[in-house]
Structure formats: C-alpha cells, structure tokens
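Good morning, colleagues. Please take a moment to look at the structure on the screen before I begin.

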Amino acid sequence: WVPAEKPGAAPRYQDGKWIEVTYSRPILRGRKDILGAGADYGKTVRGSDPVWRAGANQTTRFMTEVPLVFGGKTLPAGEYSLFVDLKPGDWTLIFSKQPFQQKYDPADKAATWGSTNYDQAQDVLRVPMTVSTLPISIDQFTIGFVDMTQQGGSLGMWWERTLAVASFTVGS
C-alpha cells in the first residue's frame, strides 16, 4: 500500500501481485440444507457432476500472479478452473488446467461448463479444506480471502451454515 496522493483519499495498492476469483453466486432463496446429508451430500449443488463448480453457471475461475503454497504443495502462477469435491465435513479444493466454455456448447466435451465434463486428469492441485458450521446462515454463496498478510492467508467459502477454508502462503 502507498499513501494517498491527496489529503483525505484512501491509500492505493501499488506494485503488488493479484489473486482473483471470478464466480457466480447462487442464493438459497428459502431452501434449507442445501448441501444435504449422508450419501446425498452435495448432490443438490453439483447435480450429476462428480465435483461442484463452487458457484453457479459458468466454471469458477482462479487467477494468481504469484505461486501459492497450499499444505506444502505449490500452485504455479496462472489461471485455473476451481472446483470442490464435496463430502460431509471433508471438502477438497481443486485447481484444474482444463479448458472452460465462455458460452455453453453441449458439443464441446473437452471443456467444462460449470463442472460438466470435468476431467480429474487435468487437476494441477488438490487441497484439503477445513470445514466448520457457522452460527448464522449465509444466503448468497460467497468466496473471499481472510486473514491476509504479505506472506499469505486463507481462501474461504461460505454458504448457508457452512464455512470451508484453505490456507496458503505466497511462494517465491
């Protein structure tokens, strides 16, 4: 951060590196137990796909201008598709190099739309997430960064009464 150029203006970010997530945000709209339970856990949000797109509609995208280290494994700088393997209390964050569709084309079986056509062979990194129950309900699915420092932080996902996080450090 650098000081504001004008008195009263906010400081601005300069010469740093960005981490960005692009996703659609589904809403509960009165639904309960959106993730389900037991053998049906996650089926409501992922449908017949093997993993969840971590959002709605198009494939969720994750871009980092620096390498990130999750649990001792390095994610190189670049742009990835982001998915989550949902199991009760045991989420796995997935970064994939598989191409994605900007506009849905059912004839394109190589690229994903959401998580349709997902191919595990295209995974770059799979990371366990810490899953916990919230005392409040989050109506709109949210992805955000928490506890950030110059050295790292955590990627968090909140929806209904569930919070899942994956911590990372900035690599070199």
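**A hairpin, its sheet and one cavity**

I begin with a hairpin formed by strands S5 and S6, which has 6 residues between the two strands. In the turn, Gly-89 has a positive phi of about 70°. Please bear in mind throughout that this is a predicted model.

The two strands of the hairpin, S5 and S6 (residues 92-96), pair in the antiparallel sense over 5 bridges. As one of the pairs, Leu-82 has Phe-95 as its bridge partner in S6.

S5 also pairs with strand S2 (residues 56-64), and here too the sense is antiparallel, over 5 bridges. Leu-82 appears again on this side, as the bridge partner of Thr-60. In general terms, strands of a sheet pair through backbone hydrogen bonds, in either a parallel or an antiparallel way.

Is S5 largely enclosed or not? Of its 8 residues, numbered 78-85, 6 are buried, and therefore the strand is largely enclosed by the rest of the structure. Buried here stands for a relative accessible area under 20%.

Let me now widen the view to the whole sheet. In what order do its strands lie? The sheet is open and has 5 strands, in the order S1-S2-S5-S6-S7, with antiparallel pairing. At the edges stand strand S1 (19-24) and strand S7 (123-128); each has a single partner strand, so one side of each is left without a neighbour in the sheet. From one strand to the next, the twist averages 25°.

The edge strand S1 runs antiparallel to S2, and 5 bridges join them. Within this pair, Thr-22 is placed opposite Arg-61 of S2.

I turn finally to the interior space. How many cavities of 30 Å³ or more are there? The count comes to 1 cavity, and the largest cavity has a volume of about 30 Å³.

Which residues line the largest cavity? They are Leu-35, Trp-52, Trp-91, Phe-141, Met-157, Trp-158, Trp-159 and Thr-162. By class, 7 of the lining residues are nonpolar and 1 is polar, while no charged residues take part. Strand S9 (residues 152-170) provides the largest share of this lining, with 4 residues.

To summarise, S5 pairs with S2 and with S6, and S5 is largely enclosed, because 6 of its 8 residues are buried. The lining of the largest cavity, in turn, draws its largest share from S9. Thank you for your attention.

Notes. Residues are numbered from 1 along each chain as its sequence is written. This is a predicted model: local features need pLDDT of at least 70, side-chain atom pairs count only at pLDDT 80 or more; totals for chains, interfaces and linings use all residues. Side-chain values use heavy atoms; hydrogens and water are left out. Buried means under 20% relative accessible area, exposed over 50%, partly exposed in between (1.4 Å probe, protein chains only). Two strands pair if DSSP finds at least two bridges between them. On a 1 Å grid over the protein atoms alone, a cavity is a set of points where a 1.4 Å probe fits but cannot get out, and a pocket is an open set with protein on both sides within 12 Å along at least five of seven lines; lining residues have an atom within 4 Å of a point. Grid points are joined across faces, edges and corners, and a volume is the space filled by probe spheres set on the points. Ala, Val, Leu, Ile, Met, Phe, Trp, Tyr, Cys and Pro count as nonpolar, Asp, Glu, Lys and Arg as charged, and the others, Gly among them, as polar. Axes are lines fitted to C-alpha atoms, for helices over the stretch in contact, and angles run from 0 to 180 degrees between N-to-C directions.
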